Amino acid sequence: DSTKRLNYKLSDIYYNNSVLALANPDTNKYSLEIYDYFNHDLNPQFLGVVDLPEKPVTVRFDFLYGNEYFVGLNYRAGCYIALLDGSGNEVSNLRIAEGFSVFDIQLTEELLILSCGAEGVLVYRRDGLLNFSPIAMIGSSYAYSSLVYGENQDQIIVGTKKGLEIYKIER
């Protein structure tokens, strides 16, 4: 029963496009579990597990370039990005932003935005499958979350300890 995976140490739950991801569902190891809710409303199908090098804080996934899963890690371990096949098995992975704790992840077709607490916000250009280039580091107040907006997607709202802060990035 998948509901047994819900525990007090669960750090994030993310649902999109009939796929559910649970960050830190196992109290004995750091991991991410993925479930398929498509045609499995009451009893989701278990797709797979990704073992992680550090405690996950947040998770997002995107199917634009493939089954990419983005996991923000605590303790300055950065962002773990995994590419999974259709059966939930990890095909390859990548770590970026090592040296930063990642508390929130936002994705657009072109950008990856990482909110990193006291270190501000990291902005990466997305150049395809598992290909990211750093383009900006925003020295905001303590960054809890960020959101890209604007006609050219060149503005970022950062939710901080001191309130909302707005930045424009050159692209």
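Q: What makes strand 9 and strand 10 a pair?
A: In this predicted model, strand 9 and strand 10 are joined over 4 bridges in the antiparallel sense. Pairing requires at least two bridges, so the two strands count as paired. Leu107 stands opposite Leu112 in strand 10. A hairpin of 3 residues leads from strand 9 to strand 10.

Q: How do you know that strand 11 and strand 12 pair?
A: Strand 11, residues 121–126, is joined to strand 12 by 6 bridges. The rule asks for at least two, so these strands pair. They run antiparallel. Val123 stands opposite Ala136 in strand 12.

Q: Which strands make up the open sheet that includes strand 9, and in what order?
A: The order is 9-10-11-12, with antiparallel pairing. What makes strand 9 (104–107) and strand 12 (132–138) edge strands is that each has a single partner strand, so one side of each lacks a neighbour in the sheet. On average, neighbouring strands here are turned by 20° against each other, direction ignored.

Q: Which strands stand at the edges of the open sheet 1-2-3-4, and why?
A: This sheet of 4 strands has antiparallel pairing. Strand 1 and strand 4 (45–51) stand at its edges, because each has a single partner strand. Neighbouring strands of this sheet are turned by 15° on average, direction ignored.

Q: What makes strand 2 and strand 3 a pair?
A: Strand 2 (residues 19–23) and strand 3 (residues 31–36) share 5 bridges in the antiparallel sense. The threshold is at least two, so the pairing holds. Val19 has Asp36 in strand 3 as its bridge partner.

Q: Why is the contact of Asp12 and Arg60 called a salt bridge?
A: Their side chains meet at 3.6 Å, N to O. The limit is within 4 Å, so the contact qualifies. Asp12 lies in strand 1 (residues 12–16) and Arg60 in strand 5 (residues 56–62), 48 residues apart, and the pair links distant parts of the chain. Both Asp12 and Arg60 are buried. Asp12, Arg60 and Asp104 are linked in a network of salt bridges.

Q: How do you know that Asp62 and Arg126 form a salt bridge?
A: The closest N and O atoms of Asp62 and Arg126 are 2.7 Å apart. That meets the 4 Å cut-off, so the label applies. Asp62 sits in strand 5 and Arg126 in strand 11, with their positions 64 residues apart in the numbering. Both Asp62 and Arg126 are buried. By the salt-bridge rule the count comes to 8.

Q: What makes the pair of Glu119 and Arg76 a salt bridge?
A: Their side chains meet at 3.0 Å, N to O. The cut-off is within 4 Å, so this pair counts. Glu119 is in the loop between strand 10 (111–115) and strand 11. Arg76 is in the loop between strand 6 (67–73) and strand 7 (79–84). The pair links distant parts of the chain, 43 residues apart.

Q: Why do Glu119 and Arg76 get the class they do: buried, partly exposed or exposed?
A: Glu119 has 24% relative accessibility. Arg76 has a relative accessible area of 47%. Buried means under 20% and exposed means over 50%, so both residues count as partly exposed.

Q: How do you know that strand 6 is largely enclosed?
A: Of the 7 residues of strand 6, 6 are buried, so the strand is largely enclosed by the rest of the structure.

Q: What makes strand 5 and strand 7 partners of strand 6?
A: Strand 5 is joined to strand 6 by 6 bridges, and they run antiparallel. Strand 6 and strand 7 also run antiparallel, joined by 6 bridges. At least two are required, so both count as pairs. Pro56 has Leu73 in strand 6 as its bridge partner. Glu68 has Leu83 in strand 7.

Q: Which residues take a positive phi in the hairpins of strand 6?
A: Gly66 has a positive phi of about 150° in the turn between strand 5 and strand 6, a hairpin with 4 residues between the strands. Tyr75 takes a positive phi near 55° in the hairpin of strand 6 and strand 7, which has 5 residues between the strands.

Q: Why does Leu129 qualify for a nonpolar patch?
A: Leu129 has a relative accessible area of 40% and is partly exposed. Patch residues need over 30%, so Leu129 passes that test. Leu129 is found in the loop between strand 11 and strand 12. Leu64, Tyr65 and Leu129 form the patch, with about 260 Å² of accessible area together.

Definitions and conventions:
Residues are numbered from 1 along each chain as its sequence is written. This is a predicted model: local features need pLDDT of at least 70, side-chain atom pairs count only at pLDDT 80 or more; totals for chains, interfaces and linings use all residues. Side-chain values use heavy atoms; hydrogens and water are left out. Helices (H or I, at least four residues) and strands (E, at least two) are DSSP runs, numbered from the N terminus. Axes are lines fitted to C-alpha atoms, for helices over the stretch in contact, and angles run from 0 to 180 degrees between N-to-C directions. Buried means under 20% relative accessible area, exposed over 50%, partly exposed in between (1.4 Å probe, protein chains only). Patches are made of residues with over 30% relative accessible area and no salt bridge: like charges are joined within 9 Å, nonpolar side chains (Val, Leu, Ile, Met, Phe, Trp, Tyr) within 5 Å. Accessible areas come from the Shrake-Rupley method with a 1.4 Å probe; for residues, only the protein chains shown count as cover.
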